[in-house]
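Here are a few notes to help you find your way around this entry. Please keep the viewer open as you read, and take the points in order.

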Amino acid sequence: MISVADAFAITQQHLLTLPVETVPLPLANGRVLREAVRADRDFPPFDRVAMDGIAIRFADYSAGQRTFTVAGIQRAGQPQLTLTEANCCLEIMTGAMLSLGADTVVRYEDVTIADGQATITIDDVQPGQHVHPQATDRRAGDELLSVGMRLGPPELAVAASVGQITVRVTALPRVALISTGDELVDIADTPLPYQIRRSNTYMLRAALASLGIDASLHHIIDDETILADQIAGLLAANDVLILSGGVSAGKADFVPAVLAQLGVQKHFHKIEQRPGKPLWFGSTPTKTIFALPGNPVSTVLCAYRYVLPYLRTSLGLPAQATRYAQLAERVVFKPSITYFLPVRLTSEPDGRTLAHPLPGSGSADFANLLAADAFMELPADRSEFGAGEAFQLWSTR
Ligand SMILES: Nc1nc2c(c(=O)[nH]1)N[C@H]1C(S)=C(S)[C@@H](COP(=O)(O)OP(=O)(O)OC[C@H]3O[C@@H](n4cnc5c(N)ncnc54)[C@H](O)[C@@H]3O)O[C@H]1N2
Ligand code: MOO
Ligand SMILES: [Mg+2]
């Protein structure tokens, strides 16, 4: 058996090498960028009016002028007008290019307009007010988005604004999720008294969808020959196999032996942790295999503690956003192994995040996870964990 830290480190030594692909920008949400995106123009690209009102020359205002002849209207989306005559103004709209000759905008709220004359009704007009000057945010040529960034709403807006019709991103791995077990029936079936419906692969599929991965679902019965045959086929067609069940000590726990028979190199089997002790991890030169313990809480923990961080780092993302919380109450856990405690999180008015323990009735009690937000990682070298002490979280939300 190995420690949680060693197991995690081993997974990180066998990351996938994923190719780069080009996707249309509207389909790139959540993807990891593989090219730098630069500003094709200044941000903003012209002196942009920020309020609806009138455009004036500040020199006229500071010379005491308060009433201006309205010489025209400059809307957004129209070519720039010019303020030619002294003591004139142009009505001007948010998003318009500031009129040539004007330098200051006064809001409609601070002006009265009658008979073609606009009169400013305030005394604190500042030079250049309500103008967003060209290039004050970014300059043409500046790198706006960098290799390795995850594309989310703000990144997509910036990429769209510079005309990035397509983007080069890390290709997503092909992932197959495989449940094993003679006791498991399809969710559409009515289980016999000794059967249960399979649920682990549905959880895994939803968890992987958070990375944009559209994993396929499969089920294989506990038969060594059939397992070997079907796993071989799925191995050929996918980059990653995630199995659930059949990795412990039972008479029908064939998965490790079958994977060995198929030439998959085992990197570890069994971790000093609860839940999820019998996790198995291996690879071929181009494929990765996680065989997760079948108990549903173990499957969830192994997915969030090892599989998702593995996929995230393979895609070029950080393993996870590290989060901590303080235990809301004292916890005792005697075995010298890492304990992943299901917790419900609350955000307190003083800024603390508190983790309320939800131990449940063990690694088969997956209904217990309905109330949980995360697993709290309680280290192996201690058996008592005090209220108020902070530990790392692995979020399941
Ligand atoms: N003698 C020992 N027995 C067990 C050990 C051990 O060290 N020595 N380890 C225990 C631990 S810890 C775990 S975790 C489980 C792991 O079991 P397997 O990975 O072999 O999984 P199965 O035996 O196939 O199933 C276990 C349990 O989970 C249910 N299951 C499996 N797949 C699904 C699914 N897709 N959806 C819902 N539920 C599923 C299955 O029906 C069993 O109840 O082994 C302990 N035993
Ligand atoms: O890994 Mo098992 O999780 O303790 O039931
Ligand atoms: Mg078993």
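**Notes on helix α7 and the aromatic residues**

1. Let's begin with a charge over a ring: Arg305 lies over the face of Tyr306, at 5.6 Å from the ring centre. Please keep in mind throughout that this is a predicted model.

2. Now look for another arginine over a tyrosine. Arg66 sits over the face of Tyr61, and the distance to the ring centre is 3.8 Å.

3. Next, follow helix α7, which covers residues 296–315. Where is the kink in this helix centred? You will find it at Ala303, with an angle of about 45°.

4. Is helix α7 mostly covered or mostly uncovered? It is mostly covered, as 20 of its 20 residues are buried. Just after the helix comes Gly316, and its phi is positive, near 100°.

5. Turning to ring contacts, the structure holds seven aromatic pairs. One of them joins Phe290 and Tyr310, with 5.2 Å centre to centre and 75° between the planes. The angle cut-off for edge-to-face is over 60 degrees, and the Phe290–Tyr310 pair is accordingly edge-to-face.

6. That pair is worth tracing along the chain. Phe290 belongs to strand β21 (residues 288–292) and Tyr310 to helix α7, so the pair links distant parts of the chain, 20 residues apart. Both Phe290 and Tyr310 are buried.

7. Finally, which residues form one aromatic cluster with Phe290 and Tyr310? They are Phe268 and Phe281.

Definitions and conventions. Residues numbered from 1 in each chain as written. Chains lettered and ligands numbered in written order. Predicted model: local features only at pLDDT ≥ 70, side-chain atom pairs only at ≥ 80, totals over all residues. Heavy atoms only, no water. Bend = angle between axes of the 7 residues up to and from the residue. Helix = DSSP H or I, 4+ residues; strand = E, 2+ residues; numbered from the N terminus. Buried < 20%, exposed > 50% of the residue type's maximum accessible area, 1.4 Å probe, protein only. Phe/Tyr/Trp six-rings, centres within 6.5 Å; stacked < 30°, edge-to-face > 60°. Lys NZ or Arg CZ within 6 Å of the ring centre and 35° of its normal.
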